[in-house]
Amino acid sequence: MSENITSEPQTSCSSPPRKEERQSTPDILISESDERFFQSLYEFIEHEKQYLQCPAEGADELRYIIYRSTFNKVITRATAYKRLLMNIKAEYDDVIRALKQREDETRAAQRALAATTSHPKSLSTCQNQAAMLRERVSVLQRETAELKEEIKRQKSSKEQSTWIPGLMVAESEDPEILERHLKHLEAQKASLLDRKSHCVSVEVKDELDAELQAAERHRDQMNAENQQLRVLYQRLRFVFDCLSSWEEKQQQVPLEELLGSTLENIRQTSVTDDDGRSIDAELFEDEEPTGVNESKLLTDYLDRFIELFDSAQYEDAALHAARSPRGVLRNLDTMQMFKGVQGPPGSAPPLLLFFRALLLTVSAGDELSAPLSLQMVVGSLQHDALQLVIHAVTQKKLTFTEELGDVLTDHAQKTPREADLCLTLAAVVYEGCGLDSKTALNMCRRGLIHNAAEFMKHSRDLTDEDCIWVLCRSSSLSLLQLLTEPRRGSAVLSAGVACVSLLVDPQQQQLALQLLDSFVSRGREVLKQVILEDSSSSVDVWTDVASLCSELNRSDLSQAVLSVLLDQSGTRVLTPDLEGARLMEHVFL
């Protein structure tokens with residue numbers, strides 16, 4: 001069997017027919033299973049040759065792979081000769097490998113020979129590239145030489161003349177530019193000489209600094225003494241008030257006991273900065289300059305303010321202006337001065353410093369003027385100083401006007417994050433001015449519908465026109481229902497008047513229709529009760545309501561109103577109250 005298999009590769013190149021291969025070993029006796037095995041091998045070989053399209057003649061790697069796989073199957077089936085067959089297969093593979101290596105070396109030699117034959121062409125290409133590189137090197141050398149010459153020329157020109165600060169090289173060669181630059185330098189020289197004429201020597205400066213330090217120490221001493229006097233004045237005034245009250249109450253408590261408790265209260269109280277300022281305002285209110293020295297004192301005061309302002313001491317200048325005699329600097333002109341300057345980086349704007357000084361120095365019970373109050377709020381909001389506005393409004397240090405409330409309302413609409421707080425402040429201002437309609441509108445904008453309705457109900461100055469004005473700007477159905485429905489008495493606003501006024505306004509028609517829909521949806525009796533109890537509206541008013549609903553293609557509402565009116569056409573009065581009876585008597589008789 002081994003001889004048959006080993007001879008197969010040798011005869012595979014000629015691919016003899018299958019019958020001839022079987023007749024090559026006629027004298028060998030094989031079993032039926034071996035016969036079937038060999039038959040399957042022959043069929044496998046033929047099938048693979050056809051499938052891989054192996055050439056019929058000549059050496060081919062595909063044929064080697066087919067017979068190698070077949071030989072592996074024989075080795076797998078063999079038992080006694082397995083090692084021998086594996087050695088034979090290894091020798092066979094070595095021979096094939098050597099042949100392939102020899103073939104690869106032959107191909108490599110052929111490629112080297114082909115490269116040798118094309119060498120002249122490659123050499124010419126390299127020569128051309130070398131020539132191009134030499135030309136490029138010569139160009140670079142020429143440019144380098146030119147740059148060196150330029151550097152030498154620049155160095156020589158720099159040694160011959162000095163550069164002009166503030167001018168480019170090209171500008172230093174232009175006569176017009178040089179002329180303008182000369183004029184600029186001459187102006188700077190004149191400014192420096194003028195400034196030098198106002199300067200003093202170092203010795204004089206040292207003397208002035210010493211005097212300034214001495215004046216500052218004296219000021220600190222005076223401030224400390226002034227603070228002690230403030231405390232003393234506060235205590236004496238407290239004792240005086242207690243004694244005056246003791247005399248008015250006809251000496252109900254013994255004097256010794258009163259003085260003991262008063263002194264104990266004095267020990268427990270302290271004077272704050274605000275108290276000190278109010279004390280200053282009270283003490284020196286009547287000591288403003290008068291008579292022949294008034295003009296000189298005011299001039300000195302103004303000169304001191306200008307000195308502080310020009311030296312950029314804006315905080316001191318603001319306090320100085322706020323404490324000016326007779327309020328000569330507490331005006332819009334001074335405010336414009338602080339508005340037109342800027343402080344050092346990181347410091348508060350000078351305008352805010354002026355506003356703070358005004359609020360700190362205003363005496364208790366007094367208010368800033370209306371124009372100054374308005375500008376203070378506008379400037380503070382522009383610099384995001386809402387806390388300053390809150391303090392001024394809550395402490396009633398401003399003159400409340402409608403324009404001031406409008407400014408706060410406009411800021412609330414432009415700044416949603418501060419809307420509620422600004423609307424609250426605006427409501428305080430409007431209420432202080434007696435503008436109940438705008439106060440109620442601000443409540444509605446804050447969502448306080450029921451509070452607004454209650455406020456409008458108790459307001460004596462609000463008219464029906466004012467209520468309609470609030471409704472048109474709030475467009476709140478809830479507010480309209482609260483105002484037109486009678487609760488614990490008559491309604492704040494006539495339902496008929498409200499419907500007519502809103503229906504004639506194209507932007508508010510839906511609000512009136514929603515109100516009528518709410519009446520009808522709760523039943524015909526509710527609509528009847530509203531119409532009959534509406535003592536401020538005649539039948540003509542409700543007829544106009546029905547007509548307007550019909551024009552708006554709401555015939556259902558028109559018919560509902562007309563049906564109620566027709567049911568009451570002079571037959572009887574359904575309302576139990578006397579006012580409703582007089583109304584129906586006036587309408588239908």
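Start with the whole protein chain: of its 589 residues, 29% are buried. Buried means under 20% relative accessible area, exposed means over 50%, and partly exposed lies in between (1.4 Å probe, protein chains only). This is a predicted model, where local features need pLDDT of at least 70 and side-chain atom pairs count only at pLDDT 80 or more, while totals for chains, interfaces and linings use all residues. Residues are numbered from 1 along each chain as its sequence is written, and side-chain values use heavy atoms, with hydrogens and water left out.

**Whole chain**

Switch to a cartoon view. The protein chain has 28 helices and 0 strands. Helices (H or I, at least four residues) and strands (E, at least two) are DSSP runs, numbered from the N terminus. Now show the surface. About 39100 Å² is exposed, and carbon and sulfur atoms supply 53% of it. Areas come from the Shrake-Rupley method with a 1.4 Å probe; for residues, only the protein chains shown count as cover. A contact map is useful too. Among contacts with a separation of 6 or more, 60% join residues 24 or more positions apart. Contact means heavy atoms within 4.5 Å.

**The largest nonpolar core**

Select Phe355 and Leu398. Of the 44 residues in the largest nonpolar core, these two touch the most other members. A nonpolar core is a set of buried Ala, Val, Leu, Ile, Met, Phe, Trp, Tyr and Cys residues joined through side-chain atoms within 4.5 Å. Colour the elements that give two or more residues to this core; they include helix 11 (294–310), helix 12 (314–322), helix 13 (332–339) and helix 14 (350–361). Helix 14 gives the most, with 8 residues.

Stay on leucine 398. Not counting residues up to four places away in sequence, leucine 398 touches Leu359, Glu367, Leu368, Ser373, Met376, Val377, Ala392, Val393 and Leu404. Then jump to a second, separate core. This one has 43 residues, among them Ala453, Leu482, Leu493 and Val530.

**Lysine 397**

Select lysine 397, in the loop between helix 16 (386–394) and helix 17 (402–414). Is lysine 397 buried or exposed? Lysine 397 counts as buried because its relative accessibility is 17%. Draw a distance from its side chain: a polar atom there lies 2.9 Å from the backbone oxygen of leucine 359. Next, show its neighbours. Beyond four places in sequence, lysine 397 touches Leu359, Val362, Asp366, Glu367, Leu368, His391 and Ala392.

**An enclosed space**

Search the whole structure for cavities of 30 Å³ or more and there are 2. A cavity is a set of points, on a 1 Å grid over the protein atoms alone, where a 1.4 Å probe fits but cannot get out; lining residues have an atom within 4 Å of a point. Go to the second largest cavity, which holds about 40 Å³ of space. That volume is the space filled by probe spheres set on the points, with grid points joined across faces, edges and corners. Select the lining: Met335, Lys339, Leu351, Gln375, Val378, Gly379 and Gln382. Helix 13 and helix 15 each supply at least two of these residues. The largest share, 4 residues, comes from helix 15.

**Two positive phi angles**

Finish with two loop residues. Alanine 312 is in the loop between helix 11 and helix 12. Its phi is near 65°, a positive value in a residue other than glycine. Alanine 312 is partly exposed, with a relative accessible area of 41%. Aspartate 384 lies in the loop between helix 15 and helix 16. Phi of aspartate 384 is near 60°, also positive in a residue other than glycine. With a relative accessible area of 61%, aspartate 384 is exposed.

Note on methods: Polar contact = N/O pair within 3.5 Å; in protein donor to acceptor, adjacent residues only side chain to side chain. 1 Å grid on protein atoms, 1.4 Å probe; cavity = no way out; pocket = protein on both sides within 12 Å on 5 of 7 lines; lining within 4 Å.
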